[in-house]
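Biologist: Show me the model, and let me ask how each label on it was earned.

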Amino acid sequence: MAILNAVILPAKVLKGGRHKIRISVAHNGETRYIVTDITIDSSKEFKNGAIVKRPDAAYLNTKLRGILQRYQSTVDELAYVNGLTCPELVYQIKNAGNYKHRTINSIYEEYMANAHIKPGTAGGYMCIWRAMSGYLGERMLAEHITHGTVLGLEKRLRDRGLSASTTRNYLVFLMVLLNYAKRCGYVQFRVDPFAGYELPKKEVRQAWLTVEEIKRIRDIESSKPNIRKCRDIFMLSYYLGGINIIDLIALNFNELGATLRYVRQKTEDRPKLNKWVEFAIPEEAKVIINRYKGVDGYINVTQFQKETKLHHFFTFNMPKIAELAGIKKRLIYYSARKSFSQHAFDLGVGTSIIDFILGHRVDKGDTALYSYISVTPQMATDAVRRVLDNLK
């Protein structure tokens, strides 16, 4: 049982002999203190938990009792108080006053500070928030977000020319923030803002190319170094089973030797059966690796291997490659991954092997089959070889 009292601490005396009134919290054999904003001029002005010998003593005592009552009410409302340590209880008491009237901006900042988010994802969330806060405003309270707010935000995003998929991502992030606020007890909605709302449909990127189009990209001629480099890195992704650029630049090929083995960064923290992507590096890939590999063993795409720089490099050069290869559809770096998986499927490669090569998350689901069998690196090596031989 927690015991709360108003106290002063002689060891914490301020300059001039003044003291801050503190609330002592005794719980589970420990005592912690919460500092109030009430200050007295000397220890003689405090006796038996009350302020004395001051003209404003009555006012300050009323204020102090209000603080004690508020803190005690917080303790009484905690059904699991006996399971908390004293520091945990103090944290609950100190933050109870923040559980109402929180701005959506403060909830965003708290979520970004506390949630386990990868740097690349965090950067995307920051961009999303900048766009949303222009409409919501930094002072909007979370409790004031309504169904109409959601509809208005969607209209604002669409009026800016954003695609349905991008608009969906923005609205999903707002949903994430509100769900976080609800779980923390910061806000309660009589009618949930997203109740009855249907998110924009996610667009499926049909970015895969035919075998003939891949050949034309492979065989283009250009005098411009960046065009050739972009083409080569694109083909390297295809040769290595559609590897993502973020995974490619993280590989040390001096250490790998003849075998590609890595954990896909996008799914490294998610439980899955196929953790590692592993197969023999084909000869076609070794030629490109040796061309762009630095002395440190890493592939050098741009001078600064940052995600934004890489994005700009491919965004600028891929359309030029498409023009040189006579490809009318939209060409992006991701097309290598899409195309490899489609070509493997067309050749009859099993979907479990394709998942293994792509580094997809594979769950047992409702079948026990994967408790008995698994895809091997040799099976993946043979599948990659079949796809690359199809280009000859």
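The exchange below sets computed values against the cut-offs behind the labels.

Modeller: Bear in mind that this is a predicted model.

Biologist: What makes the contact of Lys63 and Asp37 a salt bridge?

Modeller: The side chains of Lys63 and Asp37 come to 3.2 Å, N to O. The label asks for a side-chain nitrogen of Lys or Arg within 4 Å of a carboxyl oxygen of Asp or Glu, so the pair qualifies. The two residues belong to distant parts of the chain: Lys63 sits in helix α1 (residues 57-77) and Asp37 in strand β3 (residues 30-40), 26 residues apart.

Biologist: Why is Lys63 called partly exposed?

Modeller: Its relative accessible area is 31%. Buried requires under 20% and exposed over 50%, so Lys63 falls in between.

Biologist: How do you know that Lys155 and Asp159 form a salt bridge?

Modeller: The N to O distance is 2.9 Å, and the cut-off is 4 Å, so the pair counts. Both residues are in helix α5 (residues 147-159), four residues apart, about one turn of the helix. Lys155 and Asp159 are both exposed.

Biologist: What makes Asp389 and Arg385 a salt bridge, and what is their exposure?

Modeller: Their side chains meet at 3.0 Å, N to O, which is within 4 Å, so the label holds. Asp389 and Arg385 lie in helix α15 (residues 377-389), again with a spacing of four residues, about one turn of the helix. Asp389 has 35% relative accessibility and Arg385 has 28%. Both values lie between 20% and 50%, so each residue is partly exposed.

Biologist: How many salt bridges are there, and which residues are linked in a network?

Modeller: The structure holds 20 salt bridges. Asp41, Glu45, Arg54 and Asp56 are linked in a network of them.

Biologist: How many disulfides are there, and by what rule?

Modeller: The count is zero. A pair of cysteine sulfur atoms would have to lie within 2.5 Å to be counted.

Biologist: Why is Cys86 called buried and Cys184 partly exposed?

Modeller: Cys86 has a relative accessible area of 0%, which is under 20%, so Cys86 is buried. Cys184 is at 25%, a value between 20% and 50%, so Cys184 is partly exposed.

Biologist: Why are α14 and α15 called roughly perpendicular?

Modeller: Helix α14 (residues 351-358) packs with α15 at an angle of about 95°, their axes 10 Å apart. The range for roughly perpendicular is 65 to 115 degrees, so the label follows. On the α14 side the contact is made by Ile353, Phe356 and Ile357, and on the α15 side by Pro377, Met379, Ala380, Ala383 and Val384. The residues of this contact are eight nonpolar, no polar and no charged.

Biologist: What makes Ile227 buried, and which residues does Ile227 touch?

Modeller: Ile227, in helix α8 (residues 225-239), has 4% relative accessibility. That is under 20%, so Ile227 is buried. Leaving out residues up to four places away in sequence, Ile227 touches Ile220, Ser222, Asn317, Lys320, Ile321 and Leu324. The C-alpha atoms of Ile227 and Lys320 are separated by 7.5 Å, with their positions 93 residues apart along the chain.

Biologist: Which residues of helix α3 are buried, and what do they pack against?

Modeller: In helix α3 (residues 104-114) the buried residues are Ile104, Asn105, Ser106, Ile107, Tyr108, Glu110 and Tyr111. The buried residues of α3 pack against α4 (119-136) and α6 (164-184).

Notes:
Residues numbered from 1 in each chain as written. Predicted model: local features only at pLDDT ≥ 70, side-chain atom pairs only at ≥ 80, totals over all residues. Heavy atoms only, no water. Buried < 20%, exposed > 50% of the residue type's maximum accessible area, 1.4 Å probe, protein only. Axes fitted to C-alpha atoms, helices over the stretch in contact; angles between N-to-C directions. Parallel < 35°, antiparallel > 145°, perpendicular 65-115°, else oblique. Contact = heavy atoms within 4.5 Å. Nonpolar A, V, L, I, M, F, W, Y, C, P; charged D, E, K, R; others polar.
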